[in-house]
Amino acid sequence: MTLHHRHLKHIDRYQFRLILLLAAINFVAASGEQTDVHAQDSSAPSRQAVTNGMHRAVSFFKTHVSAHGGYVFQVSADLTKREGEGQVTATTAWIEPPGTPAVGLAFLRAYRQCKDPVLLEAAKETAEALRQGQLESGGWDNRIEFATRERAKYAYRTGIKTNHKDKLRNTTTFDDNKSQSAIRFLMELDDELNQTVPPTHEAVMYALDSVLKSQYPNGAWPQRFTEFPDPAQYPVIKASIPEQWSKEYPGKKYGDFYTLNDNTICDLIELLLDAAEIYQRPDYRDSACRGGDFLILAQLPEPQPGWAQQYDKDMHPAWARKFEPPAITGGESQRVMRTLMRLYRRTVRQTDNAERFLKPLDSAIPYYRRSELKNGQLARFYELHTNQPLFFTKEYKLTHSSKDMPSHYAFLISSKLDSIEREFKTLRTTSAQKTPRQASTTLPKRTDALDSKVTAILNSLDNRGAWVETGRLRYHGPDDTTTQVIRSDTFVTNLMSLATWLGVE
């Protein structure tokens, strides 16, 4: 409670002491760990309660869940077990979202919402953890090791110098948005800091340079790499469907294939578009456009003008894992179409031929409309030539039946064709001068629903400052008895809700 000095003369001594006493009581109540979040009315929490709750949550997560500033997918509630995409120790951080970059980006974006310096410091700590995990090849593997013995196995840029780096693990991976998410977070933090922190800025520049150097002549990228590709070994040709294709899984490596699976190339294109704007670098935009040119090349011919998950050097759909056959995909293709439209929207003012990015959708949308299943979904895979939906049995045999599918993979996909087609029609009927660079965003407002949500989030914090929920650990075996877990994705979601509440009127 604050009183302007000129008002004090109208209050007698008894009233003044009473006011000070009430103010002190309110301050103590607002500062306690077990704050009553209903300080003003039955639905709206107080600003101090939300701030305190957010600080407690961030402090706990940084102190007890992180590994040297990095994060994993989930930990057991008692903090004794940790998981990324597999069991890890307390000295290992994970890259794939919702791991380290996702948590770092949440700290940064939460800071942008409410300008709380605690959040920016947390983001900087996470950035340093990522910097410690950057490889000589430019990007990131699936994990960062901080223990000395394990760390010595990797060609980290900040690692122990050795004359035998050729024997160390130096594989940059774009699979599952790993290196892309790390670069995005560091890039956004670098922008927030006005490029004034040299280690962060240099790490971003080094990573983006490796993205440019790892791009194939046709505009694609590999799923992973250790060395940059030799252009002579990768001819630029249009995708086609082979006369025959093997129905049997060959078990070959596929890391150097042109990979759309898990949106690898689409993530890279959109990363480079943002990098071009942040750093005012036309070469980043040019690289993104070459990525779009690959998406055009990768569209298969009629009567199946869609996309495959991955292609070999001959630009034929190819096998990856034993449940990822050469096929037209109803999954990643939808992201391809959205990325092509984003490329058009964001380059139409800078280039004379951005229209080329829209042309594939003229045939792709009708094709996928024809391929929708009776229930409105799309199959993950459509057979080459016949266009019949393809599935796998639990024994990983190809079949046209969906009755015996494994449960670990999405063989049926939600169709987003309605929204894709609406966006496409809008772009087709809007002049280039009126085409927005990005979709407009609406600023959030303080609502009763947001008040209730934030109140529930605060009330669900335990005495430590942790959000504990019912769940199992996925990679600790069938005999594991864990029933309570702390998840990074829950932390990210709740943190953003609290920061949003603090950042709106």
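**Close-up 1. Helix α2, residues 47-65, in a predicted model.** Helix α2, where a helix is a DSSP run (H or I) of at least four residues, numbered from the N terminus, has 19 residues and reaches 26 Å from its first C-alpha to its last, close to the 27 Å expected at 1.5 Å a residue; the expected span is 1.5 Å times one less than the number of residues. Among the buried residues of α2 are Val50, Met54, Val58, Phe60, Phe61 and Val65, buried being under 20% relative accessible area with a 1.4 Å probe and protein chains only. Residues are numbered from 1 along each chain as its sequence is written. Because the model is predicted, local features need pLDDT of at least 70, side-chain atom pairs count only at pLDDT 80 or more, and totals for chains, interfaces and linings use all residues, while side-chain values use heavy atoms and leave out hydrogens and water.

**Close-up 2. Helices α3 and α4.** The axes of α3 (residues 100-114) and α4 (residues 117-132), which are lines fitted to C-alpha atoms over the stretch in contact, come within 8 Å and cross at roughly 155 degrees. That angle makes α3 roughly antiparallel to α4, a term for angles over 145 degrees. Contact, meaning heavy atoms within 4.5 Å, involves residues including Phe107 and Tyr111 of α3 and Leu120 and Leu130 of α4.

**Close-up 3. Helices α6 and α7.** Helix α6 (residues 178-192) and helix α7 (residues 198-213) pack at an angle of about 135 degrees, with their axes 9 Å apart. That makes α6 oblique to α7, oblique being any angle outside under 35, 65 to 115 and over 145 degrees.

Methods: Axes are lines fitted to C-alpha atoms, for helices over the stretch in contact, and angles run from 0 to 180 degrees between N-to-C directions. Helices (H or I, at least four residues) and strands (E, at least two) are DSSP runs, numbered from the N terminus. Buried means under 20% relative accessible area, exposed over 50%, partly exposed in between (1.4 Å probe, protein chains only).
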